[in-house]
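Dear colleague,

I am handing over the structure we spoke about, and I would be glad if you looked it over before reading my notes. What I found in it follows below.

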Amino acid sequence: MKKKLMLTGFALALGAAYTLTAFSQVKPETMVKQRQAAMTLQGKYMGPLGGMAAGKVPYNADTVAFNSAMLDALSRMPWDGFAESTKGTTVKTAALPTIWSEPAKFKQAQDHFQEAVQALVKVSRGGDEATVKAAIGTVGKACGACHQDFREKQN
């Protein structure tokens, strides 16, 4: 009786573990939508910074500090959404196949973007306007470089 109870408990535990694993796997379509959402939010927080760097929007140190902090968090979010399983998804995406054919180059572009954002965060805490604007420009260039190599051209 004890042996039967232990075997039943073991079988239930294995079944629960399998079920949890199956439910924890995110669908490729969801991963694409999540990475797109993170990138959209990056654009939301980068837009005003780009305007300041270009002199089209008045410089505001508080906005720079807040937006760069948001970018710092967002700069780490989209990358796990570029899993191999998302290559053939039915969700419309501008991701180019080079993301998966040149993973080291894609990872390098991600790292470069994150480093540029972190440098912006650092100078946004008391840096002078010219230094901050230069750091904003570096983030913009890192973002654009990744888009040039790994994103379909948008019309």
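Before the residues are listed, one term needs fixing: a cavity here is a set of grid points where a 1.4 Å probe fits but cannot get out, and its lining residues are those that have an atom within 4 Å of such a point. Please keep in mind that this is a predicted model.

With a threshold of 30 Å³ or more, the structure holds 1 cavity, and the volume of the largest cavity comes to about 60 Å³. Its lining is made up of M39, Q42, W79, F113, A142, C143, C146 and H147. Two or more residues of that lining are given by each of the elements α2 (28-53) and α6 (129-150), with α6 supplying the largest share, 4 residues. Sorted by class, the lining of the largest cavity has 6 nonpolar and 2 polar residues, while no charged residues take part.

The other item concerns Q114, a residue of helix α5, which spans residues 103-124. Is Q114 buried or exposed? Its relative accessibility is 14%, and because buried means under 20%, Q114 counts as buried. The side chain of Q114 reaches the backbone oxygen of S75 at a distance of 3.0 Å. Once neighbours within four places in sequence are left aside, Q114 is in contact with S75, R76 and W79; of these residues, W79 also appears in the lining of the largest cavity.

With best regards

Definitions and conventions:
Residues numbered from 1 in each chain as written. Predicted model: local features only at pLDDT ≥ 70, side-chain atom pairs only at ≥ 80, totals over all residues. Heavy atoms only, no water. 1 Å grid on protein atoms, 1.4 Å probe; cavity = no way out; pocket = protein on both sides within 12 Å on 5 of 7 lines; lining within 4 Å. Points joined across faces, edges and corners; volume = space filled by probe spheres on them. Nonpolar A, V, L, I, M, F, W, Y, C, P; charged D, E, K, R; others polar. Buried < 20%, exposed > 50% of the residue type's maximum accessible area, 1.4 Å probe, protein only. Polar contact = N/O pair within 3.5 Å; in protein donor to acceptor, adjacent residues only side chain to side chain. Contact = heavy atoms within 4.5 Å.
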